[in-house]
Amino acid sequence: MQLLKNIWHILYHIVVVLLSAAVALSLPFAARFMAGKFLGYWALIENEKIFLVSIEVGTAVLLIMFFNFIVKNIKSRKLSRLAEEAGLYALGRASGFLEHARARKLKEKHGVARNIMLIGSTGFTTFVAPEGDLHQVIRKCRGAKIMLLDPLSEGASSRAKSIQSSDISMESFREQIKKSIEFLKGLKEVQKDIRLKLYRDVPLLKLAILGDYVFLRHYHHGVDVQKLPEFVFRQQRNPGCLYNPFYQYFLDRWHDPALPEYELETDELIYRDKAGNEVRREKFELTALAQA
């Protein structure tokens, strides 16, 4: 086997040398032929002023296009380096079936059988609806820490009122949160390590951390978050990577003592101090939520 490899290696070098020699020997003939043709054509067109002007204009246009391409390429490479420095892995547009399918596949690849962390508003379109990006992920994850809006908070009311859609009302908004809580309770019953906290301020970021990847959208006033682009950041060792700040942002919010943890088994809100010790419990009337 080794002998055959050596023979092919030698034959390869022989062929390359022969081709190089053939090209070198043919250069004088090729140059003489091209020079003769060029002089012949030049004798025909040297007095054709319109043709010469056309060539000059065409050449100028080509040069402009070439230099614009070079400048644009330099700017693109610079932006690419900046994105790489920030850890930006992908940018998904909201419009388009292929973009949605690609994002969902990426989330399933990096979220299934792992611990996930999520900040959302109602969570319904994210993981409750079967077509949600994280529906399969949260069903098959190892554990999850989730933060959703408190349906009775001023933040939830402001968010619901800001979305200019006939399908969104305060009642439907609360109903979506209720369905999300019931969905998580069902997962808890099958021994999933699911923890839920409720926050009261107006939502800022829709953030999902799946392994070494952060999926990020922002809540814009009056716009459905699903219609906004989604940024994907990948964890890197360089200090300019934005994965680490977003990860720390989630941890800071999660450990904020002002955020009560929702006990899925008993429908109680558990308040803790900064040390993590339980301070008090409050009953959360989930059944009466839709009529609130």
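In this predicted model, the buried residues of helix α7 are covered by elements that include α4 (124-128), α5 (135-140) and α6 (154-162). Strands β3 (143-149), β4 (193-199) and β8 (261-263) also belong to this cover. The buried residues of α7 are Met170, Phe173, Arg174, Gln176, Ile177, Lys178, Ser180, Ile181, Phe183, Leu184, Lys185 and Leu187. Charged side chains are thus listed beside hydrophobic ones, with Arg174, Lys178 and Lys185 buried and Ile177, Ile181 and Leu184 buried too. An α-helix has 3.6 residues a turn, so residues three or four places apart point the same way.

The length of α7 was checked against its residue count. Helix α7 comprises 20 residues, 170-189. At 1.5 Å a residue, these should span 28 Å. The end C-alpha atoms of α7 are 29 Å apart, which agrees with the expected span. Just after the helix, Gln191 adopts a positive phi of about 70°. Helix α7 lies across β3, β4 and β8. Its direction makes an angle of about 155° with β4.

These three strands belong to an open sheet of 10 strands. The strand order is β1-β7-β6-β5-β2-β3-β4-β8-β9-β10, and the pairing is mixed. Strands β1 (88-92) and β10 (278-283) stand at the edges. Each has a single partner strand, so one side of each is left without a neighbour in the sheet. On average, neighbouring strands are turned by 20° against each other, direction ignored. At the β10 edge, β9 and β10 run antiparallel and are joined by five bridges. One bridge partner pair is Arg272 with Glu278, the latter in β10.

Positive phi values also occur in two loops. Most residues other than glycine have a negative phi. Ala113 is not a glycine, yet its phi is positive, at about 65°. This residue sits in the loop between α3 (97-111) and β2 (115-119). Ala113 is partly exposed, with a relative accessible area of 47%. Asp267 is likewise not a glycine and has a positive phi of about 55°. The loop that holds Asp267 runs between β8 and β9 (268-272). Asp267 has a relative accessible area of 15% and is therefore buried, as this value is under 20%. The two loop residues thus fall into separate burial classes, with Ala113 partly exposed and Asp267 buried.

Terms used:
Residues are numbered from 1 along each chain as its sequence is written. This is a predicted model: local features need pLDDT of at least 70, side-chain atom pairs count only at pLDDT 80 or more; totals for chains, interfaces and linings use all residues. Side-chain values use heavy atoms; hydrogens and water are left out. Helices (H or I, at least four residues) and strands (E, at least two) are DSSP runs, numbered from the N terminus. The expected span of a helix is 1.5 Å times one less than its number of residues. Buried means under 20% relative accessible area, exposed over 50%, partly exposed in between (1.4 Å probe, protein chains only). Contact means heavy atoms within 4.5 Å. Two strands pair if DSSP finds at least two bridges between them. Axes are lines fitted to C-alpha atoms, for helices over the stretch in contact, and angles run from 0 to 180 degrees between N-to-C directions.
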